[in-house]
Amino acid sequence: MTAIYITRYMRQNFLLAVALVLLTACTDTESAWLRENLTYCDVQVHRTLNELRGDSGRIDYSMTPRNIGPDESAWNLVSAATPDDWTIGFFPGILWYDYENSQDTMVLREARNFTERLGYLAHRPVFDHDLGFIMICSYLNGYRLTKDEGYKQVLLAAADTLATLYNPQVGTLLSWPRNVQMFGGHNTIMDNMMNLELLLWAAENGGSERLRDMAVSHADTTMAYHFRPDFTSYHVAVYDTLSGRHLYNCTHQGAADSTLWARGQAWAIYGYTMMYDYTREPRYLDFAKKVTEAYLQRLPDDSLIPFWDFSRNDERDASAACVVASALIRLSELTGEARYLDRAMTMLHSLSAEPYRCGDAKPAFVQHVVGNYPAGGEIDYSINYADYYYIEALTRLKAHVK
């Protein structure tokens, strides 16, 4: 080993040791709280699977749970047979996390069944950037837990398919091919930071090194053009398709172009934390901390659950809190800073209690989620991606509290 590598290795292991001490410092009460909430998730998963079986006793794996409305008590399903619903990977991912925690072989079987229904997406022309969300939640979690070689091959194929959205003139992945005319150019949304993990993972596991280069270019370009001087994010950045020149910023799901959409900032926090986790490039850690501070400073003090847009005070969005809680647990590990873990724990305690816990009323985990407020879509719902990041946060916490 070179001296530089040894120094970096020692520093990383020191930070991990510090993080471990911080996380294992939880009291017996906190450990019991964690076990109770993971058990709650398992109960809700079984309720959902029983609901899907219905009177026939058979599950249609071409349909997957997406949401439950504020006045509903059962899941609304969407088709997994077409690529136009970006959420179809989250329920398989929930099953993988529940299996990781419960070791229930029935849940394992159903995680495989729902996951393998999505494999066709890796081998067809890409619909949009959300292929990353779909494959990371389903196949990547499945591969992490089973080391199934078939899953690895699907992931590598999916990464190559996702890479076809990359525009070298711009330096980012195109988010919505169907909306190029509407925006007047190559559009990249903040959500896309989450999909870069598929490219980074593939580059480390037998895929082309160019996939890593694309992810780095996307993250750097987004860092340059997607943020205000105070490190708050725009939802959408639009670039000239041919020259790559940045044209303008706007919103699609926020209250206005000038405001801060909560889940968009959550994607940034998670995305840049993930970029540092994979690359160990200091600029990503520095930026992750800056976008995190911009978010934390604007949170309401009562529960740390944001309103769907920081300019509003009407509907809360529990999904943003779930995403950020999960990201902050990892950021605490990477930095050794206890305050990130403290904030994550406060968020999780709020999400695990009234009024955010679904309890007996619905078979989801959390409620009071806002999907797309300007479009009137999924306002005050339970939605599968909030549940996914909630159980991911609990699972990340469990990995270090033993």
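**Exercise 1. The nonpolar core**

Task: In this predicted model, find how many residues the largest nonpolar core has and which of its residues have the most contacts inside it.

Solution: Begin with the size of the largest nonpolar core, which has 129 residues. Next, look for the residues with the most contacts inside this core, and you will arrive at M135, L348 and Y389. Then ask which element supplies the largest share of the core, and the answer is helix α12, spanning residues 318–335, with twelve residues. A further step is to look for a second, separate core, which has six residues, W176, V236, V238 and C250 among them. Finally, return to M135 and set aside its neighbours within four places in sequence; the residues in contact with M135 are then L118, L121, A122, L140, V154, L155, A158 and L198.

**Exercise 2. A residue of helix α12**

Task: Decide whether L331 is buried or exposed, and list the residues it is in contact with beyond its neighbours within four places in sequence.

Solution: First place the residue: L331 is found in helix α12. Its relative accessible area is 0%, and because buried means under 20%, L331 counts as buried. Leaving out neighbours within four places in sequence, L331 is in contact with T273, L285, A288, T292 and Y340. Now take T292 from that list and compare chain with space: L331 and T292 are 39 residues apart along the chain, while their C-alpha atoms are separated by 9.7 Å.

**Exercise 3. A buried charge**

Task: Work out where D191 lies, and which side chain of opposite charge is nearest to it.

Solution: Start from the secondary structure, where D191 lies in the loop between strand β5 (186–189) and helix α8 (196–204). D191 is buried, and the nearest side chain of opposite charge, that of R263, is 5.7 Å away. A salt bridge needs the charged atoms within 4 Å, and D191 has no salt bridge. The side chain of D191 does, however, make a polar contact with the side chain of W267, at 3.2 Å. To complete the surroundings, set aside residues up to four places away in sequence, and D191 touches H129, F133, H235, Q253, W261 and W267.

**Exercise 4. Two more buried residues**

Task: Find which helix holds Y97 and which strand holds N167, and then describe the contacts of Y97 and of N167.

Solution: Take Y97 first, whose place is in helix α3, residues 90–102. Its relative accessibility is 7%, so Y97 counts as buried. Not counting residues up to four places away in sequence, Y97 touches N141, R144, Y388, I391, E392 and T395. Turn next to N167, which lies in strand β3, residues 166–167. N167 counts as buried as well, at 12% relative accessibility. The side chain of N167 reaches the backbone oxygen of T241 at 3.1 Å, and T241 appears again beside T172 and H186 among the residues that N167 touches, when those up to four places away in sequence are not counted.

**Exercise 5. The whole chain**

Task: Explain why the radius of gyration of the protein agrees with that of a compact globule.

Solution: The protein has 402 residues, and a compact globule with that number would have a radius of gyration near 21 Å; the protein has 20 Å, which agrees. Add the outer dimensions, for the C-alpha atoms fill a box of roughly 55 × 50 × 45 Å along the principal axes. Then add the secondary structure, which consists of 14 helices and nine strands. Buried residues make up 60% of the 402 residues. As a last step, consider contacts between residues at least 6 apart in sequence, of which 68% join residues at least 24 apart.

Methods. Residues numbered from 1 in each chain as written. Predicted model: local features only at pLDDT ≥ 70, side-chain atom pairs only at ≥ 80, totals over all residues. Heavy atoms only, no water. Helix = DSSP H or I, 4+ residues; strand = E, 2+ residues; numbered from the N terminus. Buried < 20%, exposed > 50% of the residue type's maximum accessible area, 1.4 Å probe, protein only. Lys, Arg positive; Asp, Glu negative; His and termini not counted. Polar contact = N/O pair within 3.5 Å; in protein donor to acceptor, adjacent residues only side chain to side chain. Contact = heavy atoms within 4.5 Å. Core = buried A, V, L, I, M, F, W, Y, C linked by side-chain atoms within 4.5 Å. Rg over C-alpha atoms; globule rule 2.2 N^0.38 Å.
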